[in-house]
There are 2 protein chains.
Amino acid sequence: MGTTLKDLAGHLGISAAAVSMALNGKPGVSEQTREEVRRAAEELGYRPNRTGQALRLSRTNTIGVYFPSTVMEYSLYFAEIMRGIVAGFADTELSPLLLPSAGETGLVRDFPEVDGFVVVEPHSDDLGMFELLRSGRPTVCIDPPPASAEAPWGVVEADAPAATRDSLRHLVARGAARPGLLTIESVSEWSRTIEASYRDWCVEHGVDPAIIAITARQSNEEILELLERELGAPVPCDGLFVAGDAVAPRIAGLLRTIGRSPDGGFPLVSGVDSTMMEFHTPPISAIDLNPYGYGVHAARMMAVLLHESGRPAEPRIERLPAPLVVRGT
Amino acid sequence: MGTTLKDLAGHLGISAAAVSMALNGKPGVSEQTREEVRRAAEELGYRPNRTGQALRLSRTNTIGVYFPSTVMEYSLYFAEIMRGIVAGFADTELSPLLLPSAGETGLVRDFPEVDGFVVVEPHSDDLGMFELLRSGRPTVCIDPPPASAEAPWGVVEADAPAATRDSLRHLVARGAARPGLLTIESVSEWSRTIEASYRDWCVEHGVDPAIIAITARQSNEEILELLERELGAPVPCDGLFVAGDAVAPRIAGLLRTIGRSPDGGFPLVSGVDSTMMEFHTPPISAIDLNPYGYGVHAARMMAVLLHESGRPAEPRIERLPAPLVVRGT
DNA sequence: CCGGCGAACTTAATCGTTTAAGGAATGATG
DNA sequence: CATCATTCCTTAAACGATTAAGTTCGCCGG
């Protein structure tokens, strides 16, 4: 196929070893030879064969990227993380390889040798994630894994408690006396943290918690019923923190049918921002989780961890800010 | 690291070559030995080293997956394609490797050896795509590439003309006399085909075309102005085929501010379906492009092409149906 | 004049796998 | 019994890179 080290050596009349040392900046060749080798490599378009390198160095420069099987289908958020991961690795030697997520069996199927894993939103019901963490390979998680899993090498996470407090403060500022929480999944640490923070806030502010738990595949009718129940309570819920991706517009549409609107006395905050919130009519305030940034940071952290000597004593934790983007009047 | 062929051979007291032949079903070993080897492999947890195989067979079983740099950020559609690709390769020996997309420079950065490429929505303004097609490696495109690019080995595409006709027929059935077309990008063959089909339909039905071209980053105010212009024409546009991902709800919101609604005399069809259309209030009819299916079919086609002897004389084309999902009253 | 030393290479081993070529044992055939 | 094919295995050579361990050669110091 392409030019090999041996081709290059033959062309120059020296040994392959010398060429290797020359190109890798190792001592053992004269500066003159090094320069000649560099020129010849350029001229013949030499690209080191990654497979040969991988075999020799037992290092593939490939990182497995694992997404939970369940959620990805509803989510624009994951596409953003993906973009971020690709961008983050683009600056490094590493390449992301997409792993098939494990269904109920919990077995991650066979895949090529990789140097580490990036696990996106480890969900407690995803057995494949446990398996990857158990492998002992360098692993960076985007959002913390459940406590029952092996500790990862690193974690990139959002400041969810602060985001929850900011959101509730905003809802109160917009006139809500009993802001509720609408959650969509409870298998992620992120949603567990938000729920805990919400309850803390309620205790602090003497508010009776109003938690509406739905699933992504529930029908509009069912959800509307749950909403009406909380809105018709003795002390009615009068604002919502919607902690799921792409759910807030759906809720806004349902509320409209019963005469409530984000700009008409029923404030709404989405826990996950996206262009959908920005371009909704009226625009919806949201927490900017910066999923793209998650991807970039996770990729970079992985590159750093692989360059270091070994596993850090404690998991490296990077907490990214998650500011509230206020929209509308 | 793991158990190697040599370990296994040593354990059994035979040569590594015999073990290899036994496990790969090649002739040259007795059935008894073969069975013994299989048992030992199972017992010692032997997994062939992919890097070693790759080097020997000059075949990595890895496929580069390329997404255009521009669009991915607005799109739920791409996340679905990604899922499909992962699922499609899960049945095969192959693994998808995410390639960093080329920006303006047109250079796809360095990445490990791959056996072929899956290029998602080749956009005519994406130079990286041209480069990959020029490489001569097996390439399957999801949606056809522009005519100016090298021909790919295979293409998976939607029946866009039929989808356009179905959508327009539906709009007319819902009362539109002059259905318009709202397009969001013109760099993909898909949107070019839709626009051409729309114009054909207009000629056949004696309708004056109403085409509204927007970009994804345009403000709501700008878009509203464009809409109002067409709605205020002498023969007003009175229905819309919205040919972009996740745009229809945005348009529906804007139309609502000027008293038009999908269930109130201004029918809407989205050219790209998603849960957003399903759960919108009111639900929005849409073309089910089945992006997940695209991914699966592209992956399978790649596996088939690699198993065949060489490049097919003509690009293999697989056209998937894109049915209209009718929603609402 | 010779031992020793550093510079600049080359040789050879290695990573884990596959496969062509070679060889020993067995059985059949003339 | 010699010949030959067949079966079942071993040996050895790749694939493309890196690197430890030689091998020259010139040069300096004693």
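A polar contact is a pair of N or O atoms within 3.5 Å. The legends below describe close-up views of a predicted model.

**View 1. Side chains and the phosphates of DNA strand C.** In this predicted model, a polar side-chain atom of S15(A) is placed 2.7 Å from a phosphate oxygen of DNA strand C. Chain B also approaches the phosphates of this strand: a polar side-chain atom of Q53(B) lies 3.1 Å from a phosphate oxygen, and one of N24(B) lies 3.2 Å from a phosphate oxygen.

**View 2. The protein surface near DNA strand C.** DNA strand C is surrounded by 26 residues, of which S15(A), L5(B), Y46(B), N49(B) and R56(B) are the closest. Both chains contribute helices here, since α2 and α4 of chain A and α2 and α4 of chain B each supply at least two residues of this surface. The largest share, four residues, comes from α4(B). By residue type, the surface consists of twelve nonpolar, ten polar and four charged residues. On the DNA side, 62% of the strand C atoms within 4 Å of the protein belong to sugar or phosphate, and the rest belong to bases.

**View 3. The protein surface near DNA strand D.** Which residues come nearest to DNA strand D? Of the 28 residues around this strand, they are L5(A), N49(A), R56(A), S15(B) and T33(B). Helices α2 (16–23) and α4 (50–57) of chain A, together with α2 (16–23) and α4 (50–57) of chain B, each supply at least two residues of the surface near strand D. Here the largest share, five residues, is that of α4(A). The surface divides into 13 nonpolar, eleven polar and four charged residues. Among the atoms of strand D within 4 Å of the protein, 58% are part of sugar or phosphate, and the rest are part of bases.

**View 4. Polar atoms of chain A beside DNA strand D.** An N or O atom in the side chain of S20(A) is 2.9 Å from a phosphate oxygen of DNA strand D. A polar side-chain atom of Q53(A) lies 3.2 Å from a phosphate oxygen of this strand. The backbone of G52(A) reaches a base: one of its N or O atoms lies 3.1 Å from a base nitrogen of strand D.

**View 5. The six-stranded sheet of chain A.** Strands of a sheet pair through backbone hydrogen bonds, either parallel or antiparallel. The open sheet of chain A has the order β7-β6-β8-β9-β10-β12, with mixed pairing. Strands β7 (211–213) and β12 (324–325) of chain A stand at the edges with a single partner strand each, so one side of each has no neighbour in the sheet. Helix α9 (residues 220–231) of chain A packs on the sheet, where it touches β6 (180–183), β7 and β8 (240–243) of chain A, and its direction makes about 170° with that of β7(A).

**View 6. Strands β9 and β10 of chain A, with helix α10.** Strand β9 (residues 268–270) and strand β10 (residues 285–287) of chain A run parallel and are joined by two bridges. V269(A) stands opposite S285(A) in β10(A). Helix α10 (residues 248–257) of chain A lies across β6, β8 and β9 of chain A and runs at about 160° to β9(A).

**View 7. The axis relating chains A and B.** A turn of 180° and a shift of 0.1 Å along the axis lay chain B on chain A with an RMSD of 0.2 Å. That is the relation of a two-fold axis. Within chain B, L97(B) comes closest to the rotation axis, its C-alpha being 2.1 Å away. Because 100% of the interface residues of chain B are also interface residues in chain A, the copies meet through the same surface.

How values were computed:
Residues are numbered from 1 along each chain as its sequence is written. Chains are lettered from A and ligands numbered from 1 in the order in which they are written. This is a predicted model: local features need pLDDT of at least 70, side-chain atom pairs count only at pLDDT 80 or more; totals for chains, interfaces and linings use all residues. Side-chain values use heavy atoms; hydrogens and water are left out. A residue is near a molecule or strand if one of its heavy atoms lies within 4 Å of it. A polar contact is a pair of N or O atoms within 3.5 Å; within protein, one must be able to donate a hydrogen and the other to accept it, and residues adjacent in sequence count only if both atoms are side-chain atoms. Ala, Val, Leu, Ile, Met, Phe, Trp, Tyr, Cys and Pro count as nonpolar, Asp, Glu, Lys and Arg as charged, and the others, Gly among them, as polar. Two strands pair if DSSP finds at least two bridges between them. Contact means heavy atoms within 4.5 Å. Axes are lines fitted to C-alpha atoms, for helices over the stretch in contact, and angles run from 0 to 180 degrees between N-to-C directions. Copies are superposed by least squares on the C-alpha atoms of residues with pLDDT of at least 70 in both.
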